[in-house]
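Let's walk through this one together, starting from a single side chain and working outward. Keep the viewer open as you read.

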Amino acid sequence: MSAISRFITSRWGLIVVGAVIGVLAPVLVKLGNPGNMGICMVCFDRDIAGALGLHRASVVQYIRPEIIGCLLGALVAALSFREFKPRTGSAPLVRFFLGMLAVFGALVFLGCPWRSYLRLSGGDWNAIPGIIGLVAGIGIGILFLKAGFSLGRSRPAPKAMGWVMPVVMVILLVMLIAAPQFGRDANGNPTGPIFFSTTGPGSQHAPLIIAIVVGLVIGFLAQRSRFCTVGAVRDAILLKDSRLLYGVLALIVAAFFTNLTLGQFTPGFEKQPVAHTDTLWNFGGMVLAGLAFTLAGGCPGRQLFLAGEGDGDAAMFVSGMIVGAGFAHNFSIASSTSGTGAFGPVTVIVGVVICIIIGLTMREPKGA
Amino acid sequence: MDTMKTIDARGLSCPQPVLMTQGALKGLKTGTVEVLVDTSASRENVSRFAGKSGWTVTVEDRPDGSFRLLLKK
């Protein structure tokens, strides 16, 4: 292993990576992204789902270049360091549904683990029950891991399979730039196929070129360092290895100081950007998300980076997240700034039950 | 005679290879343990865990792109 690789996967390497992300995310907010949403893997997948017409919540529709950049940045890193290894076969269908469930939980809270930390660093105290819920969900997941839970083995796959997600990302980039419109309805509203918000969070975004470059940088660094916002908590509890946790703490501290410097630190519970104040379901939503991410082996960012290095199972999880985000809005599961959606709480309960069933039943087949 | 345990963690994603290694090393004071993994992240994680537990680790790249880790104490 080269000295650079050794450094970047060390505690100090992760602190540097976390700090870089912690600075870049609030800067993206300054440049146009929604409040405390410099990077949010779930919100951004939800916006992409909306832009593709998978849901019609008109305020959250945009093809987020950060997602494209993150996956392609991880691809570049994997190719550069000979870690591009296409593989699949570890319960892809279950991973797809775990992606859906994770997104349901995260959209009840209104943010992925990345955003929960970024919300905290921006002074949104509603993030605290969310993060406690996240840790609780990861804790439940750890119990299953200790009891022998496994989604089974992946197998090496043809190189071509590893290029599917990168190609999808390039197509999304073309759609973002070209934004094709096939016509307008009787009221003059665009009929798609690509929808972009004109008001609300979906209409707020940093310039494309900056967003994609930041995504590329984060994707590259995160692939090299194995940065994971869920693995951080999992490894600290399960393996007494706090290396990744230092990365997350560095992210929070760096984002706090950057927010302070940019005048974006507004402490309190009320009137926080793209957030609600329902403590119980901020907690509950993230219990589901934390559990689903832990069963799938990593946070939504990590899944995206793994997809970039050719992991077809992580790609299924990412696909599940985008499809799930569509369902979350169509079925009134996602929260809004005014509170939880009509079916948010019940979906969280059902989702946790499904995750428990997955945790109890998935074992590596004997003789595999 | 020095018997060698083999852990085949190929195809499994973290933290499973580390947990399997942890299980294999438990109660083992000396010996040689062979761990097979197929991603760099698993190679790093198993090496780090074994190193912290006082085992010396040598890594061998295999022709199929996987890694053979020899843990000795």
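**From one aspartate to the interface**

Asp8(B) is a good place to start: with a relative accessible area of 27%, Asp8(B) comes out as partly exposed. Keep in mind that you're looking at a predicted model. Asp8(B) pairs up with Arg153(A) in a salt bridge, where the closest N and O atoms sit 3.7 Å apart. That pair crosses between chains: Asp8(B) belongs to strand S1 (residues 4-8) of chain B, while Arg153(A) is in the loop between helix H7 (127-146) and strand S2 (155-156) of chain A. Arg153(A) is partly exposed too, at 22% relative accessibility. The cut-off for buried is under 20%, so neither Asp8(B), at 27%, nor Arg153(A), at 22%, gets that label.

Now zoom out to the contact between the two chains. Chain A brings 23 residues to it and chain B brings 24. About 1,700 Å² is buried between chain A and chain B, with carbon and sulfur atoms giving 47% of that area. Arg153(A) turns up again here: together with Lys85(A) and Leu239(A), it supplies 31% of the area that chain A buries against chain B, more than any other three residues.

How many salt bridges are counted between chain A and chain B? The count is three. Besides the Asp8(B) pair, have a look at Glu44(B) and Arg226(A), whose side chains meet in a salt bridge at 2.5 Å, N to O. Sort the side of chain A that touches chain B by class, and you get twelve charged, six nonpolar and five polar residues. Glu44(B) and Arg226(A) are also part of a network of salt bridges that links them with Glu83(A), Arg224(A) and Arg43(B). As for polar contacts, eight residue pairs make them across the interface of chain A and chain B, with both residues at pLDDT 80 or more.

Next, step into chain B and find strand S4, residues 67-72. Five of the six residues in S4(B) are buried, which leaves the strand mostly covered. S4(B) has two partners to look at. Strand S2 (residues 32-37) of chain B pairs with S4(B) in the antiparallel sense over six bridges, and Leu36(B) stands opposite Arg68(B) there. Strand S3 (residues 56-61) of chain B also runs antiparallel to S4(B), again over six bridges, with Thr56(B) opposite Lys72(B).

Arg68(B) deserves a second look. The side chains of Arg68(B) and Glu34(B) meet in a salt bridge at 2.4 Å, N to O. Because Glu34(B) lies in strand S2 of chain B and Arg68(B) in strand S4 of chain B, the pair ties together parts that are 34 residues apart in sequence. Are these two residues buried or exposed? Both Glu34(B) and Arg68(B) are buried.

Finally, follow the chain between S3(B) and S4(B). The two strands form a hairpin with five residues between them, and Gly65(B) in the turn has a positive phi of about 90 degrees. Close by in sequence numbering, Asp64(B) and Arg62(B) share a salt bridge at 4.0 Å, N to O. Asp64(B) is exposed, with a relative accessible area of 52%, whereas Arg62(B) is partly exposed at 24%. Over all chains, a search of the whole structure finds 17 salt bridges.

Note on methods. Residues numbered from 1 in each chain as written. Chains lettered and ligands numbered in written order. Predicted model: local features only at pLDDT ≥ 70, side-chain atom pairs only at ≥ 80, totals over all residues. Heavy atoms only, no water. Contact = heavy atoms within 4.5 Å. Buried area = accessible area lost by both parts, 1.4 Å probe. Polar contact = N/O pair within 3.5 Å; in protein donor to acceptor, adjacent residues only side chain to side chain. Nonpolar A, V, L, I, M, F, W, Y, C, P; charged D, E, K, R; others polar. Buried < 20%, exposed > 50% of the residue type's maximum accessible area, 1.4 Å probe, protein only. Helix = DSSP H or I, 4+ residues; strand = E, 2+ residues; numbered from the N terminus. Pairing = 2+ DSSP bridges.
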